[in-house]
Amino acid sequence: MISQINHIGIAVKSLENHIAFYRDILKLKLLDLEEVNSQKVKTAMFKIGEVKIELLEPTSEESPIAKFINKKGEGIHHIAYETDDVVNEIKYLEEQGINMIDKIPRYGAHGTKIAFLHPKSSGKVLTEICQK
Ligand code: ZN
């Protein structure tokens, strides 16, 4: 079951150019920097309350984030909802007729298990479900 928003993903060309805004001006806590090879991104994770802000910088032109920036520019990329069981959640969503990009979970930042819904099924908002 989905319990809360886990994080909001924001696509940026360079983490360096954006970290100061979140860390020094908004004064969010910078949890860590991580490279997620499966997604070809570097991430900076900030925390505000129970919600995290995930800045995503592509490490390759093949990265989905590079493709997103080329098409739409920098900005909000996805919203991630937290679930206690990502496998069951995928099964449930497919039963509801939702088109899943990931039918099998993959690994996201912080060792989470994640899956993306197809934006066609979620009002063009790229939606992720993730399990800690
Ligand atoms: Zn995410």
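Let's start with a question: is H7 buried or exposed? Well, H7 counts as buried, because its relative accessibility is 4% and the cut-off for buried is under 20%. Keep in mind, everyone, that what we're looking at is a predicted model.

So what is H7 up to? H7 is one of the protein donors of the zinc ion, through its NE2 atom. The others are E54 and E128, each through OE, and H78 through NE2. These donors lie 2.0 to 2.5 Å from the zinc ion. If you scroll along the chain, their spacing reads H-x46-E-x23-H-x49-E. Look at H7 and E128 for a moment: H7 is in strand β1, residues 2-11, while E128 is in strand β8, residues 127-131. That pair is 121 residues apart, linking distant parts of the chain. And E128 is buried too, with a relative accessible area of 3%.

How are the four donor atoms arranged around the zinc ion? The angles they subtend run from 83 to 167°, so the arrangement is irregular. For anyone wondering about the ideal, four tetrahedral donors would have angles of 109.5 degrees.

Okay, let's move over to helix α1, residues 15-25. Three names to find here: L15, I19 and Y22, which are buried. They span an arc of only 80° around the axis, so they sit on the same side of α1. What do the buried residues of α1 pack against? They pack against β1, β2, β3 and β4. Now turn to the face pointing away from that buried side, and you'll find the exposed residues N17 and I25.

Have a look at the helix ends as well. At the start of α1, a side-chain oxygen of S14 comes to within 3.3 Å of the backbone nitrogen of E16. After α1 comes K27, which has a positive phi, near 60°.

Last stop, the aromatics. How many aromatic pairs does a search of the whole structure find? Two. In one, F21 and Y22 have ring centres 5.0 Å apart and planes at 80°, so that pair is edge-to-face. F21 counts as partly exposed, at 40% relative accessibility, whereas Y22 is buried at 13%. Y22 also pairs with F46, and this pair is tilted, at 5.4 Å centre to centre with 35° between the planes. Since Y22 belongs to helix α1 and F46 to strand β3, the pair ties together parts 24 residues apart in sequence. F46 is buried, with 0% relative accessibility. Put F21, Y22 and F46 together and you have one aromatic cluster.

Terms used. Residues numbered from 1 in each chain as written. Predicted model: local features only at pLDDT ≥ 70, side-chain atom pairs only at ≥ 80, totals over all residues. Heavy atoms only, no water. Donors = N, O, S within 2.8 Å, 3.2 Å for Na, K, Ca; no water. Tetrahedral: all angles 85-135°; square planar, octahedral: opposite > 155°, others 65-115°. Helix = DSSP H or I, 4+ residues; strand = E, 2+ residues; numbered from the N terminus. Buried < 20%, exposed > 50% of the residue type's maximum accessible area, 1.4 Å probe, protein only. Arc of directions from axis to C-beta. Contact = heavy atoms within 4.5 Å. Polar contact = N/O pair within 3.5 Å; in protein donor to acceptor, adjacent residues only side chain to side chain. Phe/Tyr/Trp six-rings, centres within 6.5 Å; stacked < 30°, edge-to-face > 60°.
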